[in-house]
Amino acid sequence: MSIGCKDKERPLLQDVESDFQDIRDGVRAVCAQFPDEYHRKVDAARAYPEKFVDALTSAGWMAALIPEEYGGSGLGLTEASVIMEEINRAGGNSGACHGQMYNMSTLVRHGSEEQRQRILPRLASGELRLQSMGVTEPSTGTDTTKITTTAVKTGDRYVINGQKVWISRVQHSDLMILLARTTPLAEVKKKSEGLSIFLVDIKDAMKSGMQVTPIPNMVNHETNELFFDNLEIPEENLIGQEGKGFGYILTGLNAERTLIAAECIGDGYWFIDRVTRYVRDRIVFGRPIGQNQGVQFPIAESHIEVEAANLMRYKACALFDSGKSCGAEANMAKYLAAKASWEAANACIQFHGGFGFAHEYDVERKFRETRLYQVAPISTNLILSYIAEHVLGLPRSF
């Protein structure tokens, strides 16, 4: 299957529509098998889109970031972002499956050869799912270095104790990447030291020390609170070196924020396409409402903002794929795209009037889904703090 350009030396700005048209066409073909009615029913039932995720996996899209020698496509974050964008642009929600994309980066870049040989081919075939990442805790939020979940080495195993929250897709995944503290904070020179990453077999863990408590929420997004009570993990499930996990997890977080940006861009285009079509045809007082500047301008502004976010997304992807630092760009892409999609969502629901709140139009569903990204996986205020400190050189505010 040919699904895209593999050239990692592509320029930062390019004609991405033509370069990745084969990917777009392929993803659209899968999404076309799952029309709005499918996603509407899944949302209403608060269910997991099992058939949709399986179809994406069978077509090879979930293995995009897995190197070819392990059964994947060997593509980059750029291509992965196009896949996520197209899912949302087609009316779906990548939140059901995007975890496998950004978690894959951590395993591929920092896992041992034995781990890659043991796990990646089974992920590529769809035998296993790696959809979950356990980082956030109730008392720390984004202050990751202050996490209190511990992993204590005992013989050839690590014993995990602690708590995580907002951990998604646990009940529809086989493996989870878990961040825990292996050296107490008081004993390290830098607070980012002493953190380690582990692969957790979810089904085994749920039988021997991990409790999963679902958190019902506004969006059909399966997320949970986790409790660890002397959960034992084999030492071979440690990813990379003990104590270096914070640096490793940043790989996944930068990929996550960039992919979320791409999803928001897909949402933005979906809203703009829907509202443009609607206001062109909706006749009030003898004229289409799209003829009024008060309707035109918010839609046009949203389109401009989505296009601008699109460029920052590709810059972040290009830096990530070339192995360069991309923290600022990933954060800026996520900020711009989430803001653009939310403004597009507001314009779409506003100009649909009452129909925007009707389930059959799907606007309210997508409206709820894209609102999440003002808050997760990192809030807009924390992105602004990051840029102020790390790009502009201003004093740390917290």
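Hi everyone, this is a short walk through a few helices in the structure above and how they pack.

First, some housekeeping. This is a predicted model, in which local features need pLDDT of at least 70 and side-chain atom pairs count only at pLDDT 80 or more, while totals for chains, interfaces and linings use all residues. Residues are numbered from 1 along each chain as its sequence is written, and side-chain values use heavy atoms, with hydrogens and water left out. Helices are DSSP runs of H or I with at least four residues, numbered from the N terminus.

Let's start with α5, residues 77–89. Its 13 residues should span 18 Å at 1.5 Å a residue, and the end C-alpha atoms are 18 Å apart, which agrees. The expected span, by the way, is 1.5 Å times one less than the number of residues.

So how many residues of α5 are buried? Twelve of the 13, where buried means under 20% relative accessible area with a 1.4 Å probe, protein chains only. Among them are L77, A80, I83 and I87, but also E79, E85, E86 and N88. The cover over those buried residues includes α2, α4, α6, α9, α10 and α12. After α5 comes G91, with a positive phi near 105°.

One of those covering helices is α10 (293–321). The axes of α5 and α10 come within 8 Å and cross at roughly 140°; axes here are lines fitted to C-alpha atoms over the stretch in contact, with angles from 0 to 180 degrees between N-to-C directions. The two helices are therefore oblique to each other. For the cut-offs, under 35 degrees is roughly parallel, over 145 roughly antiparallel, 65 to 115 roughly perpendicular, and the rest oblique. On the α5 side, the contact (heavy atoms within 4.5 Å) uses L77, T78, E79, S81, V82 and E85, and α10 brings R313, Y314, C317, A318, F320 and D321.

Now over to α6 (98–110) and α7 (113–125), whose axes come within 11 Å and cross at roughly 160°. That makes α6 roughly antiparallel to α7. Who makes the contact? From α6 we have Q100, M104, L107 and V108, and from α7 we have Q115, R116, I119, L120 and L123.

Last stop, α9, residues 245–281. This helix has 37 residues and reaches 54 Å from first C-alpha to last, close to the 54 Å expected. Since 29 of those 37 residues are buried, α9 is largely enclosed by the rest of the structure.

Thanks for listening!

Key
Buried < 20%, exposed > 50% of the residue type's maximum accessible area, 1.4 Å probe, protein only.
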